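The following exercises ask the reader to work from the displayed model to its elements, core and pocket. Each task is followed by a solution in steps.

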Amino acid sequence: MHDESMTLRTEHEGRCTSLFLRRPGELAFDLVERSVGAPGPGQVEIGVAAAALNFPDVLTALGVLDDYFEKAPEPGLDCAGVVTQTGRGVTDPAPGDRVAAFTEGAFSSVVHVPVTSVLRVPGRISLEQAAGLPVAYLTAWYGLHRLARVQRGERVLVHSAAGGVGLAAVAVARLLGATVLATAGTPEKHAHLRELGIDHVMDSRSMAFVEETLAATDGEGVDVVLNSLAGPAQQAGLELLRPFGRFVEIGKRDIMAGNPIGLAPFRRNLSLHSVDLLLLGRTRPGLVASMLDELGPLLASGELGPLPYTAYPVGQAADAFRRMAGGLHTGKLVLTFPQLCEDA
(Lines give C-alpha, C1' and ligand atoms only; values in the text may rest on other atoms or scores of the structure.)
Protein backbone atom coordinates (compact mmCIF):
# COMPACT_ATOMS: atom_id res chain seq x y z
CA MET A 1 0.00 0.00 0.00
CA HIS A 2 1.46 3.36 -1.02
CA ASP A 3 1.44 5.80 1.89
CA GLU A 4 0.13 9.33 1.17
CA SER A 5 3.34 10.75 2.64
CA MET A 6 5.27 9.16 -0.21
CA THR A 7 3.63 11.38 -2.87
CA LEU A 8 4.39 14.98 -3.77
CA ARG A 9 2.50 15.89 -6.92
CA THR A 10 2.41 19.16 -8.85
CA GLU A 11 -0.58 20.98 -10.29
CA HIS A 12 0.14 19.18 -13.60
CA GLU A 13 -0.41 15.78 -12.03
CA GLY A 14 -0.44 12.95 -14.55
CA ARG A 15 1.00 15.00 -17.42
CA CYS A 16 4.49 15.96 -18.54
CA THR A 17 6.25 17.80 -21.34
CA SER A 18 8.88 15.94 -23.38
CA LEU A 19 11.32 16.95 -26.07
CA PHE A 20 10.55 15.11 -29.30
CA LEU A 21 13.01 14.76 -32.20
CA ARG A 22 11.10 15.35 -35.42
CA ARG A 23 13.38 13.33 -37.68
CA PRO A 24 16.86 11.80 -37.28
CA GLY A 25 19.35 13.80 -39.27
CA GLU A 26 17.81 17.17 -38.45
CA LEU A 27 18.32 19.18 -35.27
CA ALA A 28 14.62 20.06 -35.10
CA PHE A 29 12.45 19.37 -32.06
CA ASP A 30 8.92 19.71 -30.77
CA LEU A 31 7.61 19.86 -27.21
CA VAL A 32 4.86 17.31 -26.73
CA GLU A 33 2.60 16.66 -23.76
CA ARG A 34 2.00 13.11 -22.64
CA SER A 35 0.38 11.29 -19.75
CA VAL A 36 2.40 9.88 -16.87
CA GLY A 37 1.48 6.87 -14.77
CA ALA A 38 2.76 5.93 -11.35
CA PRO A 39 6.36 4.82 -10.83
CA GLY A 40 6.85 1.06 -10.78
CA PRO A 41 8.39 -1.03 -8.01
CA GLY A 42 11.91 0.11 -7.24
CA GLN A 43 11.46 3.36 -9.18
CA VAL A 44 11.30 7.02 -8.28
CA GLU A 45 9.44 9.75 -10.11
CA ILE A 46 11.42 12.93 -10.60
CA GLY A 47 10.02 16.35 -11.46
CA VAL A 48 12.85 17.48 -13.72
CA ALA A 49 14.33 20.95 -13.37
CA ALA A 50 17.13 20.45 -15.90
CA ALA A 51 18.54 17.77 -18.19
CA ALA A 52 22.04 17.76 -19.68
CA LEU A 53 23.15 17.32 -23.26
CA ASN A 54 25.80 14.74 -24.01
CA PHE A 55 27.58 14.07 -27.29
CA PRO A 56 25.65 10.81 -27.90
CA ASP A 57 22.47 12.93 -27.88
CA VAL A 58 23.83 14.90 -30.84
CA LEU A 59 24.83 11.69 -32.65
CA THR A 60 21.35 10.26 -31.99
CA ALA A 61 19.67 13.40 -33.30
CA LEU A 62 21.81 13.25 -36.43
CA GLY A 63 20.95 9.56 -36.92
CA VAL A 64 24.56 8.48 -36.57
CA LEU A 65 23.98 5.93 -33.80
CA ASP A 66 21.22 4.00 -35.55
CA ASP A 67 23.69 1.39 -36.83
CA TYR A 68 25.87 1.42 -33.71
CA PHE A 69 23.27 0.22 -31.22
CA GLU A 70 20.62 -2.45 -31.76
CA LYS A 71 18.30 0.08 -30.14
CA ALA A 72 19.29 3.71 -30.60
CA PRO A 73 19.20 5.64 -27.32
CA GLU A 74 16.34 7.99 -26.55
CA PRO A 75 17.92 11.47 -26.27
CA GLY A 76 18.70 12.67 -22.76
CA LEU A 77 20.95 10.64 -20.46
CA ASP A 78 21.04 12.60 -17.21
CA CYS A 79 18.85 15.05 -15.36
CA ALA A 80 18.17 16.56 -11.94
CA GLY A 81 15.07 17.59 -10.05
CA VAL A 82 12.89 16.74 -7.08
CA VAL A 83 11.42 13.35 -6.19
CA THR A 84 7.62 13.59 -6.52
CA GLN A 85 6.62 9.95 -6.00
CA THR A 86 8.26 6.66 -5.13
CA GLY A 87 7.33 3.16 -6.21
CA ARG A 88 6.81 0.14 -4.02
CA GLY A 89 9.85 -0.79 -1.96
CA VAL A 90 11.53 2.63 -2.14
CA THR A 91 12.01 4.49 1.13
CA ASP A 92 15.12 6.52 0.25
CA PRO A 93 15.08 8.97 -1.42
CA ALA A 94 11.69 10.34 -0.41
CA PRO A 95 9.36 12.88 -2.03
CA GLY A 96 10.84 16.33 -1.76
CA ASP A 97 14.45 15.15 -1.98
CA ARG A 98 16.72 16.77 -4.58
CA VAL A 99 18.33 14.17 -6.84
CA ALA A 100 20.17 13.66 -10.12
CA ALA A 101 19.78 10.55 -12.27
CA PHE A 102 21.43 8.65 -15.10
CA THR A 103 18.65 7.45 -17.39
CA GLU A 104 17.63 7.34 -21.02
CA GLY A 105 14.87 9.71 -22.14
CA ALA A 106 15.81 12.42 -19.64
CA PHE A 107 14.53 15.30 -21.81
CA SER A 108 11.17 15.30 -20.07
CA SER A 109 9.61 17.29 -17.24
CA VAL A 110 8.83 14.01 -15.44
CA VAL A 111 10.88 10.81 -15.54
CA HIS A 112 10.64 7.42 -13.83
CA VAL A 113 14.02 5.90 -13.02
CA PRO A 114 15.31 2.95 -10.99
CA VAL A 115 16.33 4.07 -7.52
CA THR A 116 19.76 2.53 -8.22
CA SER A 117 20.33 5.18 -10.92
CA VAL A 118 19.74 8.10 -8.57
CA LEU A 119 22.32 10.37 -6.95
CA ARG A 120 21.39 12.66 -4.05
CA VAL A 121 22.22 16.32 -4.76
CA PRO A 122 24.16 18.19 -2.02
CA GLY A 123 22.57 21.45 -0.90
CA ARG A 124 25.43 23.59 -2.20
CA ILE A 125 24.89 22.34 -5.79
CA SER A 126 22.00 23.74 -7.85
CA LEU A 127 19.75 21.44 -9.81
CA GLU A 128 21.02 22.98 -13.05
CA GLN A 129 24.58 22.10 -12.03
CA ALA A 130 23.52 18.67 -10.81
CA ALA A 131 21.93 17.77 -14.15
CA GLY A 132 25.40 17.64 -15.70
CA LEU A 133 27.03 15.43 -13.07
CA PRO A 134 25.98 11.77 -13.60
CA VAL A 135 27.24 11.04 -17.12
CA ALA A 136 30.40 13.15 -16.81
CA TYR A 137 31.51 11.78 -13.46
CA LEU A 138 30.42 8.19 -14.13
CA THR A 139 32.45 8.19 -17.36
CA ALA A 140 35.52 9.71 -15.72
CA TRP A 141 35.29 7.50 -12.61
CA TYR A 142 34.80 4.31 -14.58
CA GLY A 143 37.55 5.12 -17.07
CA LEU A 144 40.22 6.43 -14.71
CA HIS A 145 39.48 4.71 -11.40
CA ARG A 146 37.79 1.42 -12.25
CA LEU A 147 39.57 0.60 -15.54
CA ALA A 148 42.90 2.48 -15.61
CA ARG A 149 43.34 2.32 -11.82
CA VAL A 150 45.18 5.63 -11.75
CA GLN A 151 47.73 5.78 -8.94
CA ARG A 152 49.20 8.69 -7.01
CA GLY A 153 52.15 10.23 -8.81
CA GLU A 154 51.16 9.04 -12.28
CA ARG A 155 50.67 11.29 -15.30
CA VAL A 156 47.31 11.45 -17.05
CA LEU A 157 46.72 13.08 -20.44
CA VAL A 158 43.09 14.19 -20.78
CA HIS A 159 42.01 15.10 -24.30
CA SER A 160 39.15 17.57 -24.89
CA ALA A 161 39.57 18.50 -21.25
CA ALA A 162 37.30 21.56 -21.28
CA GLY A 163 34.14 19.54 -22.01
CA GLY A 164 31.95 18.01 -19.33
CA VAL A 165 33.63 14.60 -19.24
CA GLY A 166 37.04 16.23 -19.67
CA LEU A 167 36.61 18.53 -16.67
CA ALA A 168 35.23 15.66 -14.59
CA ALA A 169 38.27 13.60 -15.61
CA VAL A 170 40.63 16.39 -14.54
CA ALA A 171 38.92 16.47 -11.14
CA VAL A 172 39.00 12.67 -10.74
CA ALA A 173 42.64 12.37 -11.84
CA ARG A 174 43.66 15.03 -9.33
CA LEU A 175 41.63 13.37 -6.59
CA LEU A 176 43.53 10.16 -7.29
CA GLY A 177 46.84 12.03 -6.95
CA ALA A 178 47.84 12.20 -10.61
CA THR A 179 49.51 15.02 -12.54
CA VAL A 180 47.24 16.20 -15.37
CA LEU A 181 48.22 17.25 -18.88
CA ALA A 182 45.35 18.48 -21.04
CA THR A 183 44.29 19.39 -24.55
CA ALA A 184 41.44 21.61 -25.73
CA GLY A 185 40.37 23.20 -28.99
CA THR A 186 40.21 26.98 -28.48
CA PRO A 187 42.21 29.72 -26.72
CA GLU A 188 39.25 30.34 -24.41
CA LYS A 189 39.22 26.71 -23.35
CA HIS A 190 43.00 26.76 -22.89
CA ALA A 191 42.62 29.76 -20.60
CA HIS A 192 39.93 28.02 -18.55
CA LEU A 193 42.14 24.98 -18.02
CA ARG A 194 45.09 27.12 -17.01
CA GLU A 195 42.87 28.88 -14.48
CA LEU A 196 42.32 25.45 -12.94
CA GLY A 197 46.07 25.23 -12.37
CA ILE A 198 46.95 22.84 -15.20
CA ASP A 199 50.49 23.69 -16.29
CA HIS A 200 50.58 21.79 -19.57
CA VAL A 201 47.63 22.79 -21.78
CA MET A 202 47.89 21.91 -25.48
CA ASP A 203 45.89 22.07 -28.70
CA SER A 204 43.50 19.19 -29.39
CA ARG A 205 43.07 20.20 -33.04
CA SER A 206 46.64 19.58 -34.13
CA MET A 207 49.33 17.00 -33.49
CA ALA A 208 51.53 19.46 -31.61
CA PHE A 209 50.47 17.86 -28.33
CA VAL A 210 52.77 14.90 -29.08
CA GLU A 211 56.04 16.83 -28.95
CA GLU A 212 54.75 19.09 -26.18
CA THR A 213 53.83 16.12 -24.01
CA LEU A 214 57.25 14.56 -24.51
CA ALA A 215 58.92 17.88 -23.71
CA ALA A 216 56.85 18.29 -20.54
CA THR A 217 57.75 14.77 -19.34
CA ASP A 218 61.46 14.72 -20.27
CA GLY A 219 60.69 12.35 -23.11
CA GLU A 220 59.05 9.73 -20.88
CA GLY A 221 55.41 10.17 -21.86
CA VAL A 222 52.36 9.53 -19.66
CA ASP A 223 50.82 6.62 -17.77
CA VAL A 224 47.21 7.08 -18.86
CA VAL A 225 45.52 8.69 -21.86
CA LEU A 226 41.80 9.47 -21.72
CA ASN A 227 41.11 9.74 -25.42
CA SER A 228 38.30 11.28 -27.42
CA LEU A 229 40.32 12.24 -30.49
CA ALA A 230 40.07 10.32 -33.76
CA GLY A 231 42.43 9.35 -36.56
CA PRO A 232 46.20 9.87 -36.24
CA ALA A 233 45.80 11.49 -32.80
CA GLN A 234 44.49 8.20 -31.43
CA GLN A 235 47.57 6.30 -32.56
CA ALA A 236 49.81 9.10 -31.29
CA GLY A 237 48.23 8.76 -27.86
CA LEU A 238 49.24 5.11 -27.75
CA GLU A 239 52.79 6.06 -28.67
CA LEU A 240 52.91 8.51 -25.74
CA LEU A 241 52.28 5.82 -23.12
CA ARG A 242 55.06 4.68 -20.84
CA PRO A 243 55.54 0.97 -20.09
CA PHE A 244 52.42 -0.47 -18.45
CA GLY A 245 50.41 2.53 -19.63
CA ARG A 246 46.64 2.45 -20.07
CA PHE A 247 44.71 3.91 -23.00
CA VAL A 248 41.04 4.66 -22.25
CA GLU A 249 38.94 5.35 -25.35
CA ILE A 250 35.74 7.32 -24.75
CA GLY A 251 35.25 8.47 -28.36
CA LYS A 252 32.95 6.79 -30.85
CA ARG A 253 34.12 7.76 -34.33
CA ASP A 254 36.95 5.28 -34.87
CA ILE A 255 35.06 2.47 -33.17
CA MET A 256 31.94 3.08 -35.26
CA ALA A 257 34.07 3.14 -38.42
CA GLY A 258 35.95 -0.02 -37.43
CA ASN A 259 39.29 1.71 -37.97
CA PRO A 260 42.43 -0.32 -37.18
CA ILE A 261 45.20 0.71 -34.81
CA GLY A 262 48.86 -0.24 -34.89
CA LEU A 263 49.84 -2.72 -32.20
CA ALA A 264 53.55 -1.91 -32.01
CA PRO A 265 53.17 0.27 -28.86
CA PHE A 266 51.77 -2.72 -27.00
CA ARG A 267 55.24 -4.21 -26.76
CA ARG A 268 55.46 -1.98 -23.67
CA ASN A 269 52.76 -4.00 -21.85
CA LEU A 270 50.03 -1.46 -22.50
CA SER A 271 46.32 -2.02 -21.99
CA LEU A 272 43.44 -0.64 -24.03
CA HIS A 273 39.93 0.03 -22.69
CA SER A 274 36.80 1.47 -24.28
CA VAL A 275 34.03 3.16 -22.33
CA ASP A 276 30.40 3.25 -23.46
CA LEU A 277 28.32 4.43 -20.54
CA LEU A 278 25.02 3.74 -22.29
CA LEU A 279 25.94 0.08 -22.76
CA LEU A 280 27.09 -0.03 -19.16
CA GLY A 281 23.74 1.29 -17.95
CA ARG A 282 21.79 -1.20 -20.05
CA THR A 283 23.80 -4.29 -19.15
CA ARG A 284 25.54 -3.57 -15.79
CA PRO A 285 23.10 -1.48 -13.73
CA GLY A 286 24.59 -2.85 -10.51
CA LEU A 287 28.00 -1.51 -11.48
CA VAL A 288 26.50 1.91 -12.22
CA ALA A 289 24.78 1.86 -8.83
CA SER A 290 28.01 1.01 -7.03
CA MET A 291 29.85 3.86 -8.75
CA LEU A 292 27.09 6.33 -7.85
CA ASP A 293 27.48 5.15 -4.25
CA GLU A 294 31.18 5.99 -4.48
CA LEU A 295 30.67 9.35 -6.15
CA GLY A 296 27.91 10.56 -3.82
CA PRO A 297 30.10 11.11 -0.73
CA LEU A 298 32.83 12.73 -2.84
CA LEU A 299 30.34 15.25 -4.22
CA ALA A 300 28.80 15.82 -0.79
CA SER A 301 32.20 16.51 0.79
CA GLY A 302 33.32 18.81 -2.00
CA GLU A 303 36.24 16.56 -2.99
CA LEU A 304 34.57 16.50 -6.40
CA GLY A 305 32.71 19.63 -7.43
CA PRO A 306 30.10 20.83 -9.90
CA LEU A 307 31.03 21.59 -13.50
CA PRO A 308 30.55 24.90 -15.34
CA TYR A 309 27.42 24.94 -17.46
CA THR A 310 25.34 27.00 -19.85
CA ALA A 311 21.56 26.70 -19.59
CA TYR A 312 19.00 26.87 -22.38
CA PRO A 313 15.19 26.75 -21.95
CA VAL A 314 14.00 23.43 -23.35
CA GLY A 315 12.19 25.34 -26.10
CA GLN A 316 15.61 26.40 -27.41
CA ALA A 317 16.96 22.84 -27.56
CA ALA A 318 18.00 23.13 -31.21
CA ASP A 319 20.36 26.00 -30.34
CA ALA A 320 21.96 23.94 -27.57
CA PHE A 321 22.37 20.92 -29.85
CA ARG A 322 24.02 23.06 -32.54
CA ARG A 323 26.41 24.56 -30.01
CA MET A 324 27.47 21.11 -28.82
CA ALA A 325 27.81 19.84 -32.38
CA GLY A 326 30.19 22.73 -33.07
CA GLY A 327 32.28 22.05 -29.98
CA LEU A 328 31.83 25.65 -28.84
CA HIS A 329 30.97 25.03 -25.20
CA THR A 330 32.97 24.71 -22.00
CA GLY A 331 31.66 22.28 -19.39
CA LYS A 332 28.05 21.20 -19.75
CA LEU A 333 25.00 22.36 -21.70
CA VAL A 334 21.68 21.86 -19.92
CA LEU A 335 18.05 22.24 -20.91
CA THR A 336 15.78 23.73 -18.24
CA PHE A 337 12.11 22.96 -17.73
CA PRO A 338 9.60 25.60 -16.56
CA GLN A 339 8.74 24.35 -13.09
CA LEU A 340 9.72 25.40 -9.58
CA CYS A 341 11.71 22.33 -8.62
CA GLU A 342 14.21 24.31 -6.55
CA ASP A 343 11.39 25.43 -4.26
CA ALA A 344 9.49 22.14 -4.08
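Helices (H or I, at least four residues) and strands (E, at least two) are runs assigned by DSSP and numbered from the N terminus. The model itself is predicted.

**Exercise 1. Determine which residues of helix H6 are buried and where they lie around the axis.**

Step 1. Locate the helix: H6 spans residues 208-216.

Step 2. Apply the cut-off: a residue is buried under 20% relative accessible area and exposed over 50%. By this criterion Phe 209, Val 210 and Thr 213 of H6 are buried.

Step 3. Consider their directions. These buried residues cover an arc of only 105° around the axis, and therefore they lie on the same side of H6.

Step 4. Turn to the other side of H6, where Glu 211 and Ala 215 are exposed.

Step 5. Identify the cover. The buried residues of H6 are covered by elements including strand E8 (155-158), strand E9 (179-184), strand E10 (200-203), strand E11 (222-227) and helix H7 (232-239).

Step 6. Follow the chain onward: just after H6, Asp 218 has a positive phi of about 55°.

**Exercise 2. Describe how the residues of strand E8 point and how E8 pairs with E9.**

Step 1. Recall the rule that side chains in a regular strand alternate between the two faces of the sheet.

Step 2. Apply it to E8. Arg 155 and Leu 157 point one way, while Val 156 and Val 158 point the other way. All of these residues are buried.

Step 3. Examine the pairing. E8 and E9 run parallel and are joined by 4 bridges. Within this pair, Val 156 stands opposite Val 180 of E9.

**Exercise 3. State how many residues of strand E4 are buried, and name the strands that pair with E4.**

Step 1. Count the buried residues: in E4 (residues 78-86), 9 of 9 are buried, and the strand is mostly covered.

Step 2. Take one partner. Strand E3 (residues 43-52) runs antiparallel to E4, with 8 bridges between them. Here Val 48 faces Gly 81 of E4.

Step 3. Take another partner. Strand E5 (residues 98-102) is also antiparallel to E4, over 5 bridges. Asp 78 has Phe 102 of E5 as its bridge partner.

**Exercise 4. Explain why Leu 304 counts as buried, and place this residue among its contacts.**

Step 1. Find the residue: Leu 304 lies in the loop between helix H10 (285-301) and strand E14 (309-313).

Step 2. Compare with the cut-off. Leu 304 is classed as buried because its relative accessible area is 0%.

Step 3. List contacts beyond four places in sequence: among them are Tyr 137, Val 172, Leu 295 and Leu 299.

Step 4. Relate sequence to space. Leu 304 and Arg 174 are 130 residues apart in sequence, yet their C-alpha atoms are 9.7 Å apart.

**Exercise 5. Characterise the largest nonpolar core and the largest pocket.**

Step 1. Begin with the core, which has 61 residues. Tyr 137, Leu 138 and Val 172 are among the members that touch the most others.

Step 2. Find the main contributor: helix H3 (residues 134-147) supplies the largest share, 8 residues.

Step 3. Look at one member. Beyond four places in sequence, the residues touched by Leu 138 include Phe 102, Leu 277 and Met 291.

Step 4. Note a second, separate core of 31 residues, including Leu 19 and Val 314.

Step 5. Finish with the pocket. Its volume is about 1,100 Å³, and 46 residues line it. Phe 55, Ser 160, Ser 228, Ile 250 and His 329 lie nearest its centre.

Notes
Residues numbered from 1 in each chain as written. Predicted model: local features only at pLDDT ≥ 70, side-chain atom pairs only at ≥ 80, totals over all residues. Heavy atoms only, no water. Core = buried A, V, L, I, M, F, W, Y, C linked by side-chain atoms within 4.5 Å. Buried < 20%, exposed > 50% of the residue type's maximum accessible area, 1.4 Å probe, protein only. Contact = heavy atoms within 4.5 Å. Arc of directions from axis to C-beta. Pairing = 2+ DSSP bridges. 1 Å grid on protein atoms, 1.4 Å probe; cavity = no way out; pocket = protein on both sides within 12 Å on 5 of 7 lines; lining within 4 Å. Points joined across faces, edges and corners; volume = space filled by probe spheres on them.
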